[in-house]
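This report covers a ligand site and the cysteines. Please view the model first.

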Amino acid sequence: MPAAITSKKLLDMKKNGEKIVALTAYDFPFAQMADEAGIHLLLVGDSLGMVVQGETNTLGVTMDQMIYHTRIVAKAAGTAMVIGDMPFMSYQTSLSEALFNAGRFLKESGASGVKLEGGAAVCKTIRAMTEIGIPVMAHIGLTPQSVHQMGGYRVQRDRDRLLEDARKVEEAGSFSVVLEGIPADISEEITRSLAIPTIGIGAGAACDGQILVMHDMLGINAGHVPKFVKKYAALRQNAVEALRTYADEVQSVKFPDKEHSY
Ligand code: KIV
């Protein structure tokens with residue numbers, strides 16, 4: 001099996017112009033499939049709250065839930081780098097709580113880094129984490145934990161602020177930065193101005209890599225998906241059809257047949 005992907009490898013990929021493929025994952029079988037498909041980075045996102053727990057936002061996700069899911073994903077990942085997403089209020093209240101919680105991801109779940117949302121405002125936290133050896137992926141632009149402050153999930157267009165946030169999170173020591181919900185021309189400018197890789201979601205093609213929520217791109221969700229999501233499969237539809245057939249066959253005593261009986 002090839003060696004696990006590290007933050008240094010991602011940096012080399014940017015230097016070589018090789019695109020980084022990232023995806024969210026929350027459980028063993030899907031993480032295993034993503035790893036087998038050659039995904040470079042698996043983010044155990046706090047999108048967990050929406051796509052697995054059925055909530056309308058990510059705010060209720062807890063540290064214990066994140067550790068539980070990250071441990072499962074890390075167990076399945078052979079070569080993909082696994083990053084744990086720090087949930088709302090796990091890093092905002094104090095530096096010591098932020099360090100303690102980031103440390104939990106590395107000690108208890110097998111993740112090799114953490115992600116947190118915010119630009120200039122979280123740079124002290126990013127610096128403190130990277131100084132003690134915790135790799136940090138930053139996340140700027142549309143930051144879902146600030147949904148109430150943003151007044152919804154809105155594309156962020158303040159070019160100067162976005163460029164400043166990107167520059168500051170790089171300076172603070174992040175090994176990469178997620179650009180979410182940002183016009184393509186601004187993302188391109190940010191990507192060109194940084195040495196660290198940018199990973200886009202709804203941020204155009206110029207980013208050094210792309211990330212999508214697994215349940216969106218595989219068509220597992222019932223609800224609306226944002227414009228930037230391309231559906232690569234229709235797993236929900238396939239599953240409902242299979243489940244209907246199973247229900248019909250049990251009721252019509254077609255299943256179990258001889259082949260599936262002892
Ligand atoms: O929580 C999440 O899944 C994320 C990605 C969409 C970047 O933050």
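## Cysteines

Cys207 has 0% relative accessibility and counts as buried (under 20% relative accessible area, 1.4 Å probe, protein chains only). Cys123 is buried too, at 11%.

The whole structure has zero disulfides (a disulfide is a pair of cysteine sulfur atoms within 2.5 Å). Why is Cys123 unpaired? The closest cysteine sulfur, in Cys207, is 19 Å from that of Cys123, too far for a bond. Cys207 is likewise in no disulfide.

## Basis of the model

The model is predicted: local features need pLDDT of at least 70, side-chain atom pairs count only at pLDDT 80 or more, and totals for chains, interfaces and linings use all residues. Residues are numbered from 1 along each chain as its sequence is written, and side-chain values use heavy atoms, leaving out hydrogens and water.

## Ligand shell

Thr24, Leu43, Gly45, Asp46, Ser47, Asp85, Lys115, His139, Ile201 and Val213 surround the ligand (a heavy atom within 4 Å). This shell divides into three nonpolar, four polar and three charged residues; Gly counts as polar.

## Polar contacts and burial

Three side chains make polar contacts with ligand oxygen atoms (N or O pairs within 3.5 Å). The distance is 3.0 Å for Asp46, 3.1 Å for Lys115 and 3.2 Å for Asp85. The protein buries 96% of the 260 Å² that the ligand exposes when taken alone (Shrake-Rupley method, 1.4 Å probe).

Definitions and conventions
A polar contact is a pair of N or O atoms within 3.5 Å; within protein, one must be able to donate a hydrogen and the other to accept it, and residues adjacent in sequence count only if both atoms are side-chain atoms. Buried means under 20% relative accessible area, exposed over 50%, partly exposed in between (1.4 Å probe, protein chains only).
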